[in-house]
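This report covers a protein–DNA model, with attention to chain architecture and to the surfaces near the DNA strands. The sequence and structure come first.

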Number of protein chains: 2
Amino acid sequence: MIEAADKKRELILDKALLRFAHFGINKTTMNDIAEDLAISKPSLYYYFPDKISLVIAVAERIFNEFFTRLEHIILKSATVQEALNETIELRKIFFKKYFMLHIGDTPSDMNLNHEGIKALMQQTREKENVLIKDLFETGIKRGELKANESKQIAELYMDSIIGLGMCVMGKQEKQLMPESKGFEEVLTKQKALTEIFLNGLKN
Amino acid sequence: MIEAADKKRELILDKALLRFAHFGINKTTMNDIAEDLAISKPSLYYYFPDKISLVIAVAERIFNEFFTRLEHIILKSATVQEALNETIELRKIFFKKYFMLHIGDTPSDMNLNHEGIKALMQQTREKENVLIKDLFETGIKRGELKANESKQIAELYMDSIIGLGMCVMGKQEKQLMPESKGFEEVLTKQKALTEIFLNGLKN
DNA sequence: GTTTGACTTTTTTAATTAAATAGTCAAAAG
DNA sequence: CTTTTGACTATTTAATTAAAAAAGTCAAAC
């Protein structure tokens, strides 16, 4: 019955994701999730050995969805700039949607200090960097831009875009849920930086 | 005896700055400072009505020194790129030197939530943005680069540079005093971004 | 105008306890 | 043999309080 077990694991992840996204990881107890599913706590622990495994599985699912959409964007886009602009919008959507998980920022809500989470985060960032590096290389082949050391350039670009977001969001008054205005300002500035950055790689 | 009082205020600021820079603001008590100066606590309070006034006065002194040097850099530099590169180095020096004051980042050590500090920080950031804006405009006049909306461009540049620093430093393991390696990586990346950014403003 | 000893008030820290939550296990059900 | 659960234990977190430290005051003196 390995199929049924997998199916149930998915069901658990569905519910856990809803709770995590709405209340945050720390405000969601294993009991909450078990009750949502109308099962007992030991049943839940039968499928996930501990809470952190569940959290990681949920995070992996989110990142998988992200990368699926990111790869699609890169494939369908005609130019590097178009791809990066859509990537910026995708990032905004995900950041907003899963803000309560506080993934990717300073451990304000949860103990992201856990090894497994940190490893996943780093691995995810590296994977995204590789995709952006490939995108830059495609742009170079197409003659849209010029650069050697595309790996460093891609990393610099990603650090700049992410940092720009941190900087702009940081100016806002700290709230439980940041204002929508803030997200829009980040988006606008990230796109503006992207345009100048790409222009800087044209000669 | 208004002169002597000012002189004494300066003496107090000297000692306070040393303590703040070495132990941080929260680990420095008004008693510590009074003892350093071999005066009583009420004497200290005679010159500064409360601790936050003292902190703000110290911060203002630091920023004044920073702006003096920044203005000098801008005046003597032949090109925008040269000026920005030296500005980046200046920022590194100050950030490293006064790291323990935790000025400009998330209130990890001190209660920077205080209104006066926040106002000073914002005012300082705005002043720096104006200087950079003027620098860009000089560059435009000289024909080094092209851009309309120099104010927005300057703000975007500053946010990007500062954010890049936050992003790169954030990857490091959190320590009391971050590694020197981290500062160097920030410096290198900020200079690289500056080069591409300016290049992106050339056409 | 400046300084201070002795004081009060406020804020931090440490210690204690109570409560909540994570996690286990042996037994039972399918 | 896989899955489920009631009843349990072990950890972590949150609330409470007491003690200590630090901020800030004041009347008196120099």
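Helices (H or I, at least four residues) and strands (E, at least two) are DSSP runs, numbered from the N terminus.

## Basis of the model

This is a predicted model, in which local features need pLDDT of at least 70 and side-chain atom pairs count only at pLDDT 80 or more, while totals for chains, interfaces and linings use all residues. Residues are numbered from 1 along each chain as its sequence is written, chains are lettered from A and ligands numbered from 1 in the order in which they are written, and side-chain values use heavy atoms, with hydrogens and water left out.

## DNA strand D

A residue is near a strand if one of its heavy atoms lies within 4 Å of it. DNA strand D is surrounded by 18 residues, the closest being A:K8, A:P42, A:Y46, A:Y47 and B:M30. By class, this surface has nine nonpolar, five polar and four charged residues. Here Ala, Val, Leu, Ile, Met, Phe, Trp, Tyr, Cys and Pro count as nonpolar, Asp, Glu, Lys and Arg as charged, and the others, Gly among them, as polar. Sugar or phosphate accounts for 60% of the strand D atoms within 4 Å of the protein, and bases for the rest.

Polar contacts (pairs of N or O atoms within 3.5 Å; within protein, one must be able to donate a hydrogen and the other to accept it, and residues adjacent in sequence count only if both atoms are side-chain atoms) reach phosphate oxygens of this strand. An N or O atom in the side chain of A:Y46 is 2.4 Å from one, and for the side chain of A:Y47 the distance is 2.7 Å. A:S40 uses a backbone N or O atom, 3.1 Å from a phosphate oxygen. The elements that give two or more residues to the surface are α1 (2-23) and α3 (41-47) of chain A, together with α2 (30-36) and α3 (41-47) of chain B. With four residues, α3(A) gives the most.

## DNA strand C

Around DNA strand C there are 17 residues, of which A:M30, A:K51, B:P42, B:Y46 and B:Y47 come nearest. The surface has nine nonpolar, four polar and four charged residues. α3 of chain A and both α1 (2-23) and α3 of chain B each supply at least two residues, and α3(B) gives the most, with four.

A base oxygen of strand C lies 2.9 Å from a polar side-chain atom of A:K41. Phosphate oxygens of strand C are 2.8 Å from a polar backbone atom of A:K51 and 2.4 Å from an N or O atom in the side chain of B:Y46.

## Chain A and its domains

Chain A has eight helices and zero strands. Its C-alpha trace spans about 65 × 45 × 25 Å along the principal axes. Of its 203 residues, 44% are buried, where buried means under 20% relative accessible area, exposed over 50% and partly exposed in between (1.4 Å probe, protein chains only).

The domain assignment, with bounds from an automatic or database source, gives domain 1 (1-49) and domain 2 (55-199). Their C-alpha centres lie 28 Å apart. The contact (heavy atoms within 4.5 Å) takes 13 residues from domain 1 and 12 residues from domain 2.

## Nonpolar core

A nonpolar core is a set of buried Ala, Val, Leu, Ile, Met, Phe, Trp, Tyr and Cys residues joined through side-chain atoms within 4.5 Å. The largest has 118 residues, and those touching the most other members are A:F136, A:Y157, A:F197, B:F136, B:Y157 and B:F197. Leaving aside neighbours within four places in sequence, B:Y157 is in contact with B:L84, B:I88, B:I132, B:F136, B:T194 and B:F197.
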